[in-house]
4 protein chains.
Amino acid sequence: MTGTSPQPLKVAMIGYAFMGRAHSQAWRTAGRFFDLPLDPQMSLLVGRNPDRTQQAAAQLGWSETTGDWREVIERDDIDVVDICTPGDSHAEIALAALEAGKHVMVEKPMANSVAEAEQMARAADHAAARGVRSMVGFTYRRVPALQLARELIAEGRIGQVRQVRAQYLQDWLADPSSPLTWRLQRERAGSGALGDIGAHIIDLTCFLTGERFAGVSGMLETFVSERPLPAEASADGSEHNGTGLGGRSGEGYGAVTVDDAALAMGRLSSGAPVVLEASRFAWGRKNAMRIEVTGSLGALSFDFEDMNVLHVYDAGEPGRTAGFTRVLATEPDHPYVQAWWPPGHGLGYEHGFTHQVVDFVHAVAAGEQPTPSFQEGLHVQRVLDAVERSSAERSTWTPVE
Amino acid sequence: MTGTSPQPLKVAMIGYAFMGRAHSQAWRTAGRFFDLPLDPQMSLLVGRNPDRTQQAAAQLGWSETTGDWREVIERDDIDVVDICTPGDSHAEIALAALEAGKHVMVEKPMANSVAEAEQMARAADHAAARGVRSMVGFTYRRVPALQLARELIAEGRIGQVRQVRAQYLQDWLADPSSPLTWRLQRERAGSGALGDIGAHIIDLTCFLTGERFAGVSGMLETFVSERPLPAEASADGSEHNGTGLGGRSGEGYGAVTVDDAALAMGRLSSGAPVVLEASRFAWGRKNAMRIEVTGSLGALSFDFEDMNVLHVYDAGEPGRTAGFTRVLATEPDHPYVQAWWPPGHGLGYEHGFTHQVVDFVHAVAAGEQPTPSFQEGLHVQRVLDAVERSSAERSTWTPVE
Amino acid sequence: MTGTSPQPLKVAMIGYAFMGRAHSQAWRTAGRFFDLPLDPQMSLLVGRNPDRTQQAAAQLGWSETTGDWREVIERDDIDVVDICTPGDSHAEIALAALEAGKHVMVEKPMANSVAEAEQMARAADHAAARGVRSMVGFTYRRVPALQLARELIAEGRIGQVRQVRAQYLQDWLADPSSPLTWRLQRERAGSGALGDIGAHIIDLTCFLTGERFAGVSGMLETFVSERPLPAEASADGSEHNGTGLGGRSGEGYGAVTVDDAALAMGRLSSGAPVVLEASRFAWGRKNAMRIEVTGSLGALSFDFEDMNVLHVYDAGEPGRTAGFTRVLATEPDHPYVQAWWPPGHGLGYEHGFTHQVVDFVHAVAAGEQPTPSFQEGLHVQRVLDAVERSSAERSTWTPVE
Amino acid sequence: MTGTSPQPLKVAMIGYAFMGRAHSQAWRTAGRFFDLPLDPQMSLLVGRNPDRTQQAAAQLGWSETTGDWREVIERDDIDVVDICTPGDSHAEIALAALEAGKHVMVEKPMANSVAEAEQMARAADHAAARGVRSMVGFTYRRVPALQLARELIAEGRIGQVRQVRAQYLQDWLADPSSPLTWRLQRERAGSGALGDIGAHIIDLTCFLTGERFAGVSGMLETFVSERPLPAEASADGSEHNGTGLGGRSGEGYGAVTVDDAALAMGRLSSGAPVVLEASRFAWGRKNAMRIEVTGSLGALSFDFEDMNVLHVYDAGEPGRTAGFTRVLATEPDHPYVQAWWPPGHGLGYEHGFTHQVVDFVHAVAAGEQPTPSFQEGLHVQRVLDAVERSSAERSTWTPVE
């Protein structure tokens, strides 16, 4: 809002399904509520189907379209590549973009394998040395209540972290007649509930505690092993808002090659035990990403189904009036909230994406590393991998590199 | 639990329906968990139907029975008269008992009219001068979470009381085929939702704030004006646990002569506004006695459907971590709780009655006035009366004497 | 998203404070998530201070600015006038705009007096005959959970409406050192909590039940009668996000001339009793707009602090499994939700404004009356007025015309 | 309540601390609210310290006392032995009592080792052949909401069980200065959080699903390895209500030899995955025994901190009104509730014990096996043992016999 206009920051986005829509809203909105040091411009949208891509660009507000992501790499005027495709193409695109000197934002999980993620993290480090920035889209870090949780833990308000219990529960696969979308195919999605939603609680555990995982014991389960093939239009993600979360069934059946639920016990570098559960079969839980961190002096608890609230327990309070305090994280004192509405006027899912853009643009402008970095994304990938390997080996304890 | 055994305190109870069962459990249990200065003995049970009364005495644990409450008055060995009958007989029995020098506990509402209540309060004052004690059974005062609320307000934790909002919502009359029990007859019950459950939130407002009502504006409503007459056995309260809360329908219909819902706005002596609602038609609310007191420095909130919890808001807490704290009032520091179970092992409805007996017995032994006194019961009666009169006069503001 | 592009719909907005920011976000976003029959263009922003207006236009995305709202009326290219100023200027602007054939959206409360509102409603009726549309911004109608509530009631799911209990509780004035903004001045704001937030629950009661108020009994209270004058910059609403909800104090004190809390009991046209409370002093309640509607067959309950949830009680369910069902109104089946995110990915405060724009644009394109109409706004104004008059006359029952 | 009086059932209880107090209340109360086929008489209390035992007997209402549990075995007039001591004496007493033809109720966990439990289960089977009954005190099975959950699952209301997630969280050990009571000594308590509270959720998982555990992967943690020795009076459990849950510290420190938190992943006989966590370090969680069972057609969820409520999700409900229903399990239709109070008048912790006595007495009178049997108790013991062994072997999958 100050004197001279900020310089433009030209963005190209690959993919326009669920994540693409959320990212578009974020690029469009960030500068309307926050003072940004650079002016993001929604320049180029990339998608395979030309008609659909043009339609999406018109709807979402992108200036141009192309059918080939390589064009993005080659164009000099693009500053940022925002990768919103399924996980199997992340590595190739991100490596090319970083190589070409473009800042990269990539959706989670960062990659479909540890090998890919390692390559990406190395490339990100090299790029950083040349001033090129990269970041993984673990958006939930930017929910104000969770950002507040991180601040309180970092300030020592709950003391030393003793335990983490986290669940990410959904139910959109609980119906066995729901079709076999790309999210149920190992070669596209890497894994199932584990990588899709388990990755979020793994990242949040690291984010909130400031620690990494030392090792895990894992257990995977596929409840429904065959599902109807999706109708054609659903198959490419262009239906059902392209989320890969549903759609119409077509003819024939195919094998589900990923997990429906993933369980893990782990330990952080400090030794603190962690319990994790990710399930897309938890009837009645729509987006229940829940995390509770218990420390030596208190505890914090969060459930995304009530996303504007953080519950805080302060063990220093006398027993007579102690209890979990329901903090409605909508005060001007809370992270990001000053830019929005008065207290009690809640934010929604998409605001995390807007905050992510705000932080990314600030980091790019300041020449700093945005978080979570590809190194952090790699760590999540290694935890996912360790859970899978442990699961295959009778849940035996498996160190995380 | 100390050296010499406490002296016996011989109790006679009139009525053995819903309240009689709750009082019996309290007389039986109080000395098992609390050290009492006197030893309550369940001596005599009074009921009209000899067979049923004997059956009830056997079940509830009373030593003897009689069909005539006057026998209680005449017997020298009875120390306490516990009146659990419908409101139309309270005054006569209580006056006789006080006159005979017996301590009296009477269920709420204390009487069916202000005139009766005035007479009772006068008699109680005279009796007190002779060392005879009396008390009204507003049991909810003895729920630990509400007792805690009173303590916090008395300590100034929420500052000066600014507003009270209270609801008592039930749904057992919402079905129009539910029969016409005594609770729906003005000559038996005095009033409907107003006196039955509204009386509780009026008393609690006074108890929690330490104030009285200066005046009210009221509005009454009867949704269902005719109901099936109850089957004979239900009519006298001997069925459905004798609660008058349900039962089987018989033949024919009769007029409902009490209110189904009562609304009021009032002011306390300090001028603080109060909103009250009592309804027995609130589908889905089973026993939702809710009260929230807002002061200049904080607020407290309670719902009986979650009776072990008090929500506390401290306005002095910085906005970043402020919010209502869910205090599970089951800690040793909480009123009455030390005698029971470890933290989190909740108490139930009947515990309020046990605590009432404990406090009553202590007051009798100490020669002190138990609370709430008949004067306090009279005040509630006056508020009930003012609500009814205001309702009949276009809700015009009606001072409470 | 279909073939030919929709025609433009050129919008001018008067005022750019709290409501202006919310409306801007709505105009900007509606077409990105919904297929609109017309293409809203953010053409002209009106504000008194030229610098601040230009700054706001740049931030919020309006193409041009002007210092005089009359310019809007005179310009032929403006199709819609969106009035986001305090209530004292609504009538003048709206009348001129309708007269000039421009569609009008006006923030609530519609006016500062019944006389103004009557004039506006008449003008709206005349304008409608000429195809000019008008609407009041009772945005909460467009919260999906509340829209769902309306649908369920209209379908008869809770039977005949028996009772409504509604509260709108905030706490931003509970601190007596908070300054005297325009919202505390009768000549600017019309009334206090009554018109600011009470208006919302009055409108929602009408919206949800499909009824009007027959009469009310009211009671108003001002807890803090003098407050520090605001620092200059706060006075004109340009600080604290221009919400008039806070700001810095300057020198001297001034009189609060509006109510801090408003209580009312009312009856709907069907006779159903309603209890209302609006307070800006309810410590710990940030934006607790709560409404519960009880019918003969069930009940619905809502709290804006958990805005994506509707609680539904179905009295037809057997007692064994009956209870309030927590419906997370984020399913594709829920109103407006299909356009947004997958289940459980909650919406926020601003989404109601976006939905309001969507419905308004559809109504304009279809040549239909958007809701709530100025007639509906007038009814709310009459209820507000009746509450004030009743309050001044010892809460005596006051019919609503 | 019917004609001839029931025959007496003479009970001797060993131990009078926390569990002894709860059991006493149950023996005293059961016949007052339920029609029992036998009349339990509180005949004999056993405790080591004669003075304290006599004091306890007076307080709790036992007729006689003795210092030697063997006297119970030898006396012909004792019908039931109720064992409320720490786990290290369960086996010896139970074996002797069964051998002597006395019915046995034993607190959980049934024993301190699998070997003991096997011996006990064998003895119970032999005794059963002679008409002698035995039962383990997994009281939570008798909480009405959990009994309802079992009924709904058995009726197929949630279809085939797919997943169980259970936590038992307390915080009474979170303070490292809390003393080293018997519950922290392996030779007395067998294990820590695992056997004390983990045993409950293992049993409940079996009870609710009707299945057994096929195997587990476990992880144990001791956060505080040394604690102050308790003051003498605390050491023998006679202080702090003898719960072993707290007390005063004395001089010196000793080693904690049990786990503070226990984590496990398991599978039921059907293959359904289970996640378990037991912790006595979960700040702010006082008695949060939470269990959620997800099936193919719905889900059920429970938290003991809100013990009168069961949340029920029915996947057959259309998405528009689907959600978890908060069933307040206080209706006459709910298990055990008919005997108590009207809807919404909640029960407390001790009611589970009363229901346990009711069911035990009925089983004894009918000559049937009460549940949970010693065989069921043995299964829990085997799961506890498998968790410990897995934990010691890098969490490797460990089948349960």
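**Figure 1. C:Thr209 sits in helix α8 of chain C, a stretch that covers residues 193-209.** Here we look at one residue of a predicted model. Is C:Thr209 buried or exposed? With a relative accessibility of 9%, C:Thr209 counts as buried, because the cut-off for that label is under 20%. Which residues does C:Thr209 touch, once those up to four places away in sequence are set aside? The neighbours are C:Arg150, C:Val161, C:Val164, C:Leu268 and C:Val293. The side chain of C:Thr209 also has a polar atom 3.1 Å from the backbone nitrogen of C:Glu211.

**Figure 2. Chain C meets chain B through 49 residues on the C side and 50 residues on the B side.** Together the two chains bury about 3,700 Å², and carbon and sulfur atoms account for 58% of that area. Three residues of chain C are good ones to find in this view: C:Arg162, C:Met265 and C:Trp283 lose the most area to chain B. Taken together, they make up 20% of what the chain C side buries.

**Figure 3. A salt bridge joins C:Glu292 to B:Arg285.** In this pair, the closest N and O atoms are 2.7 Å apart. How many salt bridges are found across the interface of chain C and chain B? The rule finds six. Counting polar contacts instead, there are 24 residue pairs between these chains, with both partners at pLDDT 80 or more.

**Figure 4. Several strands of chain C give two or more residues each to the side that touches chain B.** They are β7 (161-169), β8 (213-221), β11 (261-268), β12 (273-279), β13 (288-295) and β14 (298-303). Which element gives the most? That is β11(C), which supplies six residues. Sorted by class, this side of chain C holds 23 nonpolar residues, alongside 15 polar and 11 charged ones.

**Figure 5. Chain D falls onto chain C after a rotation of 180°.** The shift along the rotation axis is 0.0 Å, and the RMSD of the superposition is 0.0 Å. The two copies are therefore related as by a two-fold rotation axis. To place the axis on your own screen, look for D:Thr325: among the residues of chain D, its C-alpha comes closest to the axis, at 1.9 Å. Both copies use the same surface, since 100% of the contact residues of chain D recur in chain C.

Notes. Residues numbered from 1 in each chain as written. Chains lettered and ligands numbered in written order. Predicted model: local features only at pLDDT ≥ 70, side-chain atom pairs only at ≥ 80, totals over all residues. Heavy atoms only, no water. Least-squares fit on C-alpha atoms with pLDDT ≥ 70 in both. Contact = heavy atoms within 4.5 Å. Buried area = accessible area lost by both parts, 1.4 Å probe. Salt bridge = Lys/Arg side-chain N within 4 Å of Asp/Glu carboxyl O. Polar contact = N/O pair within 3.5 Å; in protein donor to acceptor, adjacent residues only side chain to side chain. Helix = DSSP H or I, 4+ residues; strand = E, 2+ residues; numbered from the N terminus. Nonpolar A, V, L, I, M, F, W, Y, C, P; charged D, E, K, R; others polar. Buried < 20%, exposed > 50% of the residue type's maximum accessible area, 1.4 Å probe, protein only.
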